[in-house]
Amino acid sequence: VGAVSSVAGLALGLAVALAIHAVFGAVGVVLPSTGLVLSVRTVAVSLGLGILVTAAAGLIPGLRATRLSPLAALRENEAPARRTTRTWRLIAPALVLTLLGLGLAFGGSGSSGLRLDAAAIGAVMVVLAGVLLTPLVVPYLSRVLAWPLARRDPIVARLARENLTRTPARTALTCSSLMIGLALVLFVLVYIGGVRASTTQSLDRTFVADYAIGSADGSSSVPGASVRAAAIVPGVMAVSAIKSATADLGGAGQTTAEGIDPISLPSVYRFRWVGTPPALADIGRGDVLVERATARAAHLRVGSHVTVRTGSGPSETATVRGIYIDPALLPGFALPLADFDRLLSQNRLQEALVKVAPFANRIATGQLLRKALAAFPGVVVRSERELRDTAAARANTIFVLFYALLAISVVMALLGTVNAL
């Protein structure tokens, strides 16, 4: 039985892998297409584990049955001793886990990464609390689930209900895999949905340019010559380049450093300031602008002094001149391009924002931009709508992945539940 089931599991796994690949291809998600790899070791380990698990599943209950007298084995239900005490032994730790989990999920502090870690740990604790409480609600849920069946076949409904409530702990343990899988996948989906909404909101509030020059994949850098070529296109009023790298900022730890031009950036970007806005024209050497989440993590305010460190370059003490809100386009902190080049020694640009002159035709200027940048492979011109669509497409790619995982977890959990019950 174990060998046959293991072979069937291997075949089902291959079929699921092919189905996932087909689903991703249907929604435009490109996956590696070098072919599925099924090694001899994978087959041997799968068959061995399947046979061992099947043998254990048969031997352990059999050995346990040999220790029971025939009369005890025939008893279907025994009233558990100290039911109230056993109930409180489940409720008390579940309540503690719930309170601690909610505190971590909603009361986290520090950087966004630390808050996300705390929220994930809190979510796991709340799920564990639900697992502990599940045996207590199994009898009530079984009545609700058996009610529609009772109208058609009362005898079958009664047998099913009694089978579920005979050992609530076993029923809860069998169904817990489905509950945990659903909870974790939904937690990630909610987080990704929040990130997508935050990105769209940031674009609506801060992006005042007409076009953005960036890489086709959205993460690679672009050559500086492409920005110079865009600046001489007829109808272009302003071009502001942005560089990006990783650096340490005081107590915030490793974060994103953005190199900006304080003179040209206001033409294409609108800052959302916390408190009194600084004069961007006065931002010079030794000054930084810090995004609000990073400022909270490092406990910074306007006028604070903070040390900027790089992985291989020098460190420098800077003064916080302003705090802004934008975790999407300018996360971390921003500093003048001259300081960025001196500290981080990066010549290539992350992106550039382009503003079309009021008298020029926006669509025609965009076509001229794309024609001028056609000589630079991998460099694309995106409008605000295309930027929003690109951000949504990245989030949708992750959504599709987790929906596939959710479907697999549901199918596997349902198979395990039906098999155990």
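H299 sits in the loop that joins helix 9 (292-298) to strand 5 (305-309). The model is a predicted one. H299 is not a glycine, yet its phi is positive, at about 55°. Most residues other than glycine have a negative phi. The relative accessibility of H299 is 68%. H299 is therefore classed as exposed, because the cut-off for that class is over 50%.

A positive phi also occurs just after helix 10. The residue there is S345, with a phi near 50°. Helix 10 itself spans residues 337-344. Its buried residues are D339, F340, L343 and L344. Viewed down the helix axis, these buried residues fall within an arc of 100°, so they line one face of helix 10. The buried residues pack against several strands. Among them are strand 2 (236-249), strand 3 (254-260) and strand 4 (287-291). Strand 5, strand 6 (316-324) and strand 7 (333-336) are also packing partners of these residues. Strand 5 is thus named twice: it borders the loop that holds H299, and it packs against the buried residues of helix 10.

A nonpolar patch lies on the surface. V137, Y140, L141 and L145 make this patch, which covers about 430 Å². One of its members, L141, belongs to helix 5, which runs over residues 112-152. L141 has a relative accessible area of 47% and is partly exposed. This value is over the 30% that a patch residue needs, so L141 can count towards the patch.

Note on methods:
Residues numbered from 1 in each chain as written. Predicted model: local features only at pLDDT ≥ 70, side-chain atom pairs only at ≥ 80, totals over all residues. Heavy atoms only, no water. Patch = residues over 30% accessible without salt bridge, like charges linked within 9 Å, V, L, I, M, F, W, Y side chains within 5 Å. Areas by Shrake-Rupley, 256 points an atom, 1.4 Å probe, with all protein chains shown as cover. Salt bridge = Lys/Arg side-chain N within 4 Å of Asp/Glu carboxyl O. Helix = DSSP H or I, 4+ residues; strand = E, 2+ residues; numbered from the N terminus. Buried < 20%, exposed > 50% of the residue type's maximum accessible area, 1.4 Å probe, protein only. Arc of directions from axis to C-beta. Contact = heavy atoms within 4.5 Å.
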